[in-house]
Amino acid sequence: MSSDVSVDVSGISAHAPAFPPALRAALQAAHPVFWANSQRSAAPRIPTVVDGRVISLADVRAAQARFERFAPLLARLFPELRDSAGRIESPLLAAPAMQQALNLPTTAGALWIKADHSLPVAGSIKARGGIHEVLEFAEALAIEHGLVALDGDYACLADAPARELFGRYQVAVGSTGNLGLSIGVMASALGFRAAVHMSSDAKAWKKDRLRSRGVQVVEHTGDYAAAVAAGRREADADPYCYFVDDERSLSLMLGYSAAALHLADQLAAAGVQVDAQHPLFVYLPCGVGGAPAGIAFGLRQLYGPHVHAFFAEPTQSPCFLVEMLSPGASVYDIGLTNRTEADGLAVPQASELAAQAMRALLGGVYTVADDTLFVDLHRVRDTEDLRIEPSAAAGFSGPGMLTGTDEGRAYLQQHKLDGAMSGATHLVWTTGGLFVPAEEYARFAERGAALAAAQRARPT
């Protein structure tokens, strides 16, 4: 972010957060920015308190254990999980060609991709947290009614007694799309009645996919926050409705955190070290914040201060950055529209729960213009043959922002990382794309290719 940005800020709300003037001006002008979290602690282990509860590595392991208990059932319910014995996981991919396309020199470290865009069942990172919370609710009901024990065979929950029990309840959620897919598909597969409250910016194909799986789609004219609020109100009036609250759910966040355990195994298998001389930089697309916060929390439990997590947000929807600087504020308070092609990241106000967890853990936040998302979507297809949606491309700007901006370089200096960059790992977390219809993806790719060609044609 340049310190000489000068724009008209008259459109900012009278209740606008008191940001540093240059940062406020750049945000309101929708310029890409990099913000480093000055509250990040370098302590090896930090007690993390969320809504009065201390969470730790034990909670991460408990979430993973729940996935393991349900694995036989998931293999029975979803044919695509039979080869993995019911485990929902994604590959870790070296990306040297994409690294070259991003002009990231090898002296700055190596680029890898955690390919959650290919997660089975839900087709996005939301398969982790969303499915975990549905499973936790189903498990509690099944144990309460004597259908299963913690050490029992959960495959029996596909049988008639469990389906009759689950069918008495509705599972609901508010979503722009991907979380709704994970909640709706999992709840419906178990026999729950499922409802997804969706905002006006949700993609039509996501609504159609939900309906094809027997999920009720409730459409709202407002944004993500309006859909969540409407769903929450309806659930409060129905004792047999369980509402998955993306803004307030610890179960969701811990479900995401379990990804850290599998990633640690993958990094070790690939010979990737994480320590003071081999720092790990992780770039996570951020909507309301639960998914990236969960993953960042899990990784910090494993790697301590040697992991540095950065959240990526659209320039018109930097809700987590706003929340970190001014708790309770929204992007509308600084004059932004919350309109972006990255529909999964189109959130006006971040989760306070996620922000609580990240106060002392998060490295920082950076913002990305929509055009850049499409260019990187095009690049990663051409270089690594990966098909992602625009939201999932947000991570690819991270290494360049960290190493190529004054704010990013100051972060590296502050944390004494300058001399360790040649041994660094830059991990971009892709978050969605598996189920994007071919014609929709073709439009994404065509736009990205045109923007990339225009960039190449500009005089240097």
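## Pockets and the β11 strand

The lining of the second largest pocket consists of eight nonpolar, four polar and five charged residues. Here Ala, Val, Leu, Ile, Met, Phe, Trp, Tyr, Cys and Pro count as nonpolar, Asp, Glu, Lys and Arg as charged, and the others, Gly among them, as polar. The structure is a predicted model, in which local features need pLDDT of at least 70 and side-chain atom pairs count only at pLDDT 80 or more, while totals for chains, interfaces and linings use all residues. Residues are numbered from 1 along each chain as its sequence is written, and side-chain values use heavy atoms, with hydrogens and water left out.

A pocket is an open set of points on a 1 Å grid over the protein atoms alone, where a 1.4 Å probe fits, with protein on both sides within 12 Å along at least five of seven lines; lining residues have an atom within 4 Å of a point. Grid points are joined across faces, edges and corners, and a volume is the space filled by probe spheres set on the points. Helices (H or I, at least four residues) and strands (E, at least two) are DSSP runs, numbered from the N terminus.

| Pocket | Volume | Lining |
|---|---|---|
| Largest | About 270 Å³ | 15 residues |
| Second largest | About 230 Å³ | 17 residues |

In the second largest pocket, Gln64, Phe67, Glu68, Ile88 and Glu89 are the closest to the centre. Helices α2 (57-77), α4 (126-144) and α10 (259-269) each give two or more residues to this lining, and α2 has the largest share, with five residues.

In the largest pocket, Ala101, Leu102, Asn103, Asp376 and Arg379 lie nearest the centre. Its lining divides into seven nonpolar, six polar and two charged residues. Both α14 (370-384) and α15 (398-404) supply at least two of them.

Strand β11 (residues 307-314) is largely enclosed by the rest of the structure, because eight of its eight residues are buried (under 20% relative accessible area, 1.4 Å probe, protein chains only). In a regular strand the side chains alternate between the two faces of the sheet. In β11, Val307, Ala309, Phe311 and Glu313 point one way, and His308, Phe310, Ala312 and Pro314 the other.

Two strands pair if DSSP finds at least two bridges between them. Strand β10 (residues 280-285) runs parallel to β11, joined by six bridges, and leucine 284 stands opposite phenylalanine 311. From β10 the chain passes through helix α11 (residues 290-303) to β11 in a right-handed β-α-β crossover, that is, clockwise from the first strand over the helix to the second with the strands pointing away from the viewer. Strand β12 (residues 364-368) also pairs with β11 in the parallel sense, over five bridges, with proline 314 opposite valine 368.

Notes:
Buried < 20%, exposed > 50% of the residue type's maximum accessible area, 1.4 Å probe, protein only.
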